Amino acid sequence: MSENEKIILTGDRPSGKLHIGHYVGSLRQRVALQNKGEFKKIFIMIADTQALTDNFANPEKVRASVTEVALDYLGVGLDPSRVTIFIQSQVPELTELTMYYMNLVSIARVERNPTVKAEIAQKNFGEGVPCGFVCYPISQTSDITAFKATTVPTGEDQKPMIEQAREIVRKFNDIYGPVLVEPDILLESNEACLRLPGTDGHAKMSKSLNNGIYLSDSADTVREKIMSMYTDPTHLKVSDPGHIEGNTVFTYLDAFSKPEHFERYNSGFASLDEMKEQYKKGGLGDVKVKKFLNEVLQEELAPIRERRAEHEKDIPALYEMLKKGCEDARETAAQTLSEVRRAMRIDYFG
Ligand code: ATP
Ligand code: MG
């Protein structure tokens, strides 16, 4: 299939503001794909229904985060004239599809999903895990297939979701006929971006773990977070040899630094490899590396923050944009749903 017949669906949960993990794992690539203009359609979903699966008792948080996520989108340069930005709950066709797909997945299969397992362990579901939460990969399959998406750009944690979506599509098409499209995941090629760690060194920067640098953080906050970041606990004196593996500051440099930064910010090194070599040998202090990282990150985040602040001045326009996006998304999802109903023999009245 040529690029110009391909369709993208991707999105984020409105469970907080977006952070630099989202940026390198997915947002930056979305903007590049948008600007290349080779895809037939790009749908970007604010997954409020999914966010409610584990935030059901906190609807205000989800509602407020919809605004924040939409602002983050415009901040990073997503352009509503070229991509369709919509809110999941406003496309009820997605919920109906979920109901039908539920029959195609066993309880054992949903419980086996490694990302869901890890998230269940991380969240404190007091009285028990909500059914909606365990089943969110099924609902995510509805989101992807409703738009006949061929391509889903995401971080690595979403691999099991796409695998599950492909299984559901195959099963549906086997039983009811070839209606749905099997999606492919599109992962970043830069390994550091697949699962950016938190500033605390935790394996994943996550809204729910409060270990993120947010796209909307002020320049001062970004600097403070960088200066208190986790590095190498064995690197006590500047002269000590240091470790790069598991050293979050270097992972962020892997994700963000470009060759031209090393001269521009007087790093004292010609490249990241040289900087790493020196750190490993000893004689390069964490503060110096962190100051360099701060320059690199500020350069990338400043224009995002400014654009975001501009859009924040006109929230009614933001909601007008979202409303149009929801209408547009609904049209496509309704078309797929009618094909699904026909294939399932539940199109009683034509
Ligand atoms: P939550 O804790 O509520 O699940 P989250 O931080 O995991 O929030 P999501 O909205 O679930 O964020 O994920 C949105 C997208 O960002 C997904 O494509 C996901 O793979 C990607 N992503 C999230 N965190 C990271 C990260 N630390 N590094 C790279 N990609 C990430
Ligand atoms: Mg997540």
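The legends below describe close-up views of ligand 1 and of two pockets in a predicted model.

**View 1. The residues around ligand 1.** In this predicted model, 21 residues surround ligand 1, and those that come nearest are Ser15, Asp157, Leu196, Lys204 and Ser208. By class, the shell around ligand 1 divides into 4 nonpolar, 11 polar and 6 charged residues. Two elements, β1 (7–12) and α1 (20–36), are among those that each supply at least two residues of this shell, and α1 gives the most to it, with 3 residues.

**View 2. Backbone atoms beside ligand 1.** A backbone N or O atom of Arg13 lies 2.9 Å from an oxygen atom of ligand 1, and a polar backbone atom of Gly155 is likewise 2.9 Å from an oxygen atom of the ligand. At Met205, a polar backbone atom is 3.0 Å from a nitrogen atom of ligand 1. On its own, ligand 1 has 600 Å² of accessible area, of which the protein covers 97%.

**View 3. The largest pocket, whose space is taken by ligand 1.** This pocket has a volume of about 860 Å³ and is lined by 44 residues, of which Arg13, Glu119, Asp157, Gln158 and Lys204 lie nearest its centre. Asp157 and Lys204 are also among the residues that come nearest to ligand 1, while Arg13 is the residue with a backbone N or O atom 2.9 Å from an oxygen atom of the ligand. The elements β1, α1, α6 (114–122), α8 (136–146) and β4 (151–153) each supply at least two residues of the lining, and α1 gives the most, with 5 residues. The lining residues divide into 15 nonpolar, 18 polar and 11 charged.

**View 4. The second largest pocket and its lining.** About 310 Å³ of space lies in this pocket, which is lined by 14 residues, with Arg63, Ile87, Ser89, Gln90 and Tyr319 lying nearest its centre. Three helices, α2 (48–55), α3 (59–76) and α15 (315–343), each supply at least two residues of the lining, and the largest share, 5 residues, comes from α3. By class, the lining of the second largest pocket has 8 nonpolar, 2 polar and 4 charged residues.

Terms used: Residues are numbered from 1 along each chain as its sequence is written. Chains are lettered from A and ligands numbered from 1 in the order in which they are written. This is a predicted model: local features need pLDDT of at least 70, side-chain atom pairs count only at pLDDT 80 or more; totals for chains, interfaces and linings use all residues. Side-chain values use heavy atoms; hydrogens and water are left out. A residue is near a molecule or strand if one of its heavy atoms lies within 4 Å of it. A polar contact is a pair of N or O atoms within 3.5 Å; within protein, one must be able to donate a hydrogen and the other to accept it, and residues adjacent in sequence count only if both atoms are side-chain atoms. Accessible areas come from the Shrake-Rupley method with a 1.4 Å probe; for residues, only the protein chains shown count as cover. On a 1 Å grid over the protein atoms alone, a cavity is a set of points where a 1.4 Å probe fits but cannot get out, and a pocket is an open set with protein on both sides within 12 Å along at least five of seven lines; lining residues have an atom within 4 Å of a point. A molecule sits in a cavity or pocket if more than half of its atoms lie within 2 Å of its grid points. Helices (H or I, at least four residues) and strands (E, at least two) are DSSP runs, numbered from the N terminus. Ala, Val, Leu, Ile, Met, Phe, Trp, Tyr, Cys and Pro count as nonpolar, Asp, Glu, Lys and Arg as charged, and the others, Gly among them, as polar. Grid points are joined across faces, edges and corners, and a volume is the space filled by probe spheres set on the points.
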